[in-house]
Amino acid sequence: MTYYTYVDSPLETLLLTSDGVSLTGLYMVERRHGPEVEADWVPDDDAAPFPAAREQLAAYFEGRLTDFDLPLAMDGTEFQKRVWEELTRIPYGATITYGELARRVGNPNGSRAVGLANGRNPISIVVPCHRVIGTSGKLVGYGGGLSRKEALLVLEGALLMASSQWSQADTDH
């Protein structure tokens, strides 16, 4: 059974999914690779862990929370799960490159593979795929859009540059 709810955020409305115990998805409605609500999904604002997720997301966007504490259940390949687990180790307010993420998961030449896994992260924000940047420090590759990635990094104090410092050619991929 898949439960779902919507949560308003300063970025946009977020779609949350759950199996009734764990958070299985957190998607920006406009995000690539995000799901469409299926006919058999059940709308339920109070399904676990939606109340806790709503509270923690509000605290995060208000700058009062730096680490989420929610039960997570992510569906993906073993490699994707390894990448997503490593994302949770990137501290609030910090960034790493795709190359560093590849090294951390034991695939030092796998920047492109970790980029693809990063882009398939089903629980954005909580599993902070937005904290991964290009080798040159540019903001690249965010399924939720580079403006949202920028907003999250500015919120966390990890980004102080203006968006004009990267070219329009560095669009979502």
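**Salt bridges, nonpolar core and a pocket in a predicted model**

Arg131 counts as buried at 5% relative accessibility, where buried means under 20% relative accessible area, exposed over 50% and partly exposed in between (1.4 Å probe, protein chains only). The structure is a predicted model, in which local features need pLDDT of at least 70 and side-chain atom pairs count only at pLDDT 80 or more, while totals for chains, interfaces and linings use all residues. Residues are numbered from 1 along each chain as its sequence is written, and side-chain values use heavy atoms, with hydrogens and water left out.

Arg131 forms a salt bridge (a side-chain nitrogen of Lys or Arg within 4 Å of a carboxyl oxygen of Asp or Glu) with Glu156, the closest N and O atoms being 2.8 Å apart. Arg131 lies in the loop between helix 4 and strand 6 and Glu156 in the segment after helix 5, so the pair ties together parts that are 25 residues apart in sequence; helices (H or I, at least four residues) and strands (E, at least two) are DSSP runs numbered from the N terminus. Glu156 likewise counts as buried, at 6% relative accessibility. Salt bridges that share partners join Glu85, Glu86, Arg89, Glu100, Arg103 and Arg104 into one network, and the count of salt bridges comes to 8.

Within this network, Glu100 pairs with Arg103 at a closest N to O distance of 2.5 Å and with Arg104 at 2.9 Å. Arg103 and Glu100 both lie in helix 3, 3 residues apart, whereas Glu100 and Arg104 are 4 residues apart in that helix, a separation of about one helical turn. Glu100 is partly exposed, with a relative accessible area of 21%, and Arg104 is also partly exposed, at 33%.

The largest nonpolar core, a set of buried Ala, Val, Leu, Ile, Met, Phe, Trp, Tyr and Cys residues joined through side-chain atoms within 4.5 Å, has 42 residues, of which Leu16, Leu26, Leu57 and Ile125 touch the most other members. Helix 1 gives the most to this core, with 6 residues. Leaving aside neighbours within four places in sequence, Leu26 is in contact (heavy atoms within 4.5 Å) with residues including Leu14, Leu16, Leu57, Pro122 and Ile125.
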